[in-house]
Amino acid sequence: WRINEVRLARHYHVSRTVARDVVGRLQQRGLLRKDESSRWIAPALSHQRIDELYELREILEPVALVKAAANLPPGFLDAMRARIAEACPGPSEIGATLDRLEEDLHVTLLGFCGNQALMQAIAQPQSLLVAHRFLYRWTPRMFGDEPFLAEHVEILDLLDAGMPAAAAAA
């Protein structure tokens, strides 16, 4: 889909500078890119695009996790574990709760890796997390329990045990 900065600014009653800043931030998150003619486009989440983004995450996130393990502040893993344990919201809150738990592991924890270039590379495939925000609205009807919660706990347990390579593999 093509994004026009001028029409975007008019639609939301903001300046073109604000619209340009917004599309620039969306580009940093991997949601928009420029085509050959330097026009902003939002690529469709096709099957191939989703596979490519997950493949990038599979390659980059374990590296960042191992690097981050040595830099985690005291109590960080315990706080994450506590939020997972509390993850029993009502249906209207489940999307925001699951989104926060995904951000805890895939954005906040990985951010401790200390490598800005790596985190910028990870940002594009993490555009899938934005798509998840919308999918989580239907999660209570899809699963009795959210499957990733147990996976996150396993990773936290391995990090807590001083096994970052095993956590990365998990």
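**View 1. Asp78, Arg81, Asp157 and Asp160 join up in a network of salt bridges.** A salt bridge here is a side-chain nitrogen of Lys or Arg within 4 Å of a carboxyl oxygen of Asp or Glu. The model is predicted, so local features need pLDDT of at least 70 and side-chain atom pairs 80 or more, while totals for chains, interfaces and linings use all residues. Residues are numbered from 1 along each chain as its sequence is written, and side-chain values use heavy atoms, leaving out hydrogens and water. Arg81 pairs with Asp157, and their closest N and O atoms sit 2.9 Å apart. That pair ties together distant parts of the chain: Arg81 belongs to helix H4 and Asp157 to helix H9 (residues 147-160), 76 residues apart. Arg81 also forms a salt bridge with Asp78, this time with 3.5 Å between the closest N and O atoms. Here the partners are both in helix H4 (residues 76-85), three residues apart, which means about one helical turn separates them. As a general point, an α-helix has 3.6 residues a turn, so residues three or four places apart point the same way. Arg81 is partly exposed, at 21% relative accessible area, and Asp157 is partly exposed too, at 38%. (Buried is under 20% relative accessible area, exposed is over 50%, and partly exposed is in between, using a 1.4 Å probe and protein chains only.)

**View 2. Glu5 and Arg20 hold hands between two helices.** Their side chains meet in a salt bridge, with 3.3 Å from N to O. This is another link between distant parts of the chain: Glu5 comes from helix H1, Arg20 from helix H2, and 15 residues separate them. How buried or exposed is each partner? Glu5 counts as buried, with 10% relative accessibility, whereas Arg20 is partly exposed at 41%. Across the whole structure, a search turns up nine salt bridges. In general, side chains of opposite charge can pair when their charged atoms come close.

**View 3. Helix H1, from its start to the loop just after it.** At the start of H1, a side-chain oxygen of Asn4 reaches to within 2.9 Å of the backbone nitrogen of Val6. This is a polar contact, meaning N or O atoms within 3.5 Å, one able to donate a hydrogen and the other to accept it; residues adjacent in sequence count only if both atoms are side-chain atoms. Just after H1 comes His13, with a positive phi of about 55 degrees, even though His13 is not a glycine. His13 sits in the loop between helix H1 (5-12) and helix H2 (16-28). Its relative accessible area is 74%, so His13 is exposed.

**View 4. The loop between strands E2 and E3, home to Asp35 and Ser38.** Strand E2 covers 33-34 and strand E3 covers 40-41. Within this loop, Asp35 counts as buried, with 14% relative accessibility. A polar atom of the Asp35 side chain lies 2.9 Å from the backbone nitrogen of Arg39. What is unusual about phi of Ser38? Ser38 is a residue other than glycine, yet its phi is positive, near 65 degrees.

**View 5. A nonpolar surface patch made by Tyr12, Val14, Val18, Val22 and Leu26.** The patch comes to about 400 Å². Patch residues have over 30% relative accessible area and no salt bridge; nonpolar side chains (Val, Leu, Ile, Met, Phe, Trp, Tyr) are joined within 5 Å and like charges within 9 Å. Areas come from the Shrake-Rupley method with a 1.4 Å probe; for residues, only the protein chains shown count as cover. H2 gives the most, with three residues. Tyr12, though, lies in helix H1, and at 55% relative accessibility Tyr12 counts as exposed.

**View 6. Asp51, Glu52, Glu55 and Glu58 form a negative surface patch.** Asp and Glu count as negative and Lys and Arg as positive, with His and the chain ends not counted; each charge is placed at NZ of Lys, CZ of Arg, CG of Asp or CD of Glu. Asp51 is found in helix H3 (residues 47-69). With 42% relative accessible area, Asp51 is partly exposed.

**View 7. Stepping back: 10 helices and three strands.** Helices (H or I, at least four residues) and strands (E, at least two) are DSSP runs, numbered from the N terminus. Along the sequence, the pattern reads β-α-α-β-β-α-α-α-α-α-α-α-α. The protein has 170 residues, and 35% of them count as buried.
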